Amino acid sequence: MSRRRPNPRKANGWRRSQLIARHRAMGRDCQLCFKPIDYTLDSGPWRFVVDEITPVALGGDPLSWANTEPAHAWCNRVKGTHTRAWAIQRIAQLLGTGTPAADNTIPTFDTSEW
């Protein structure tokens, strides 16, 4: 039986909640596709999530303001444990624009790449 490591994002729930609330209050655009985020959405691919610039899997601090930014859930999933620069380029490619997202429509593509 494998033993799972605890999620560092939940190690200090109060601090993470404060970080999320601070990002939400600022109301910034997604830092991966550069399109507006609808902060009222509770579910769906275009809802607000906090992305770690340096992924936790690569040693990034999930509780650091300097290491976090707002993103759409879909954009954050595409990024995964890749670099921010890679994710911006890949998201533009998946959206078929060659540049950051032109609209908030959900693209169709093969998710087996994830």
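**Cysteines, core and first helix**

The sulfur of Cys75 lies 3.8 Å from the closest cysteine sulfur, that of Cys33, which is too far for a bond, a disulfide being a pair of cysteine sulfur atoms within 2.5 Å. This is a predicted model, in which local features need pLDDT of at least 70 and side-chain atom pairs count only at pLDDT 80 or more, while totals for chains, interfaces and linings use all residues. Residues are numbered from 1 along each chain as its sequence is written, and side-chain values use heavy atoms, with hydrogens and water left out.

The structure holds zero disulfides; Cys33 is in none, and the nearest cysteine sulfur to its own, that of Cys30, is 3.7 Å away. Cys75 is buried, with a relative accessible area of 0%, and Cys33 counts as buried at 1%, where buried means under 20% relative accessible area and exposed over 50%, with partly exposed in between (1.4 Å probe, protein chains only).

Leaving aside neighbours within four places in sequence, Ile91 is in contact (heavy atoms within 4.5 Å) with Leu32, Cys33, Trp74, Cys75 and Val78.

Turning to helix 1, residues 13-26, where helices (H or I, at least four residues) and strands (E, at least two) are DSSP runs numbered from the N terminus, Arg16, Leu19 and His23 are buried. Seen down the axis of helix 1, the buried residues fall within an arc of 60° (taken from the directions from the helix axis to the C-beta atoms), so they line one face of the helix. These buried residues pack against strand 1 (48-52) and strand 2 (68-72), whereas Trp14 and Ala25, on the other side of helix 1, are exposed.
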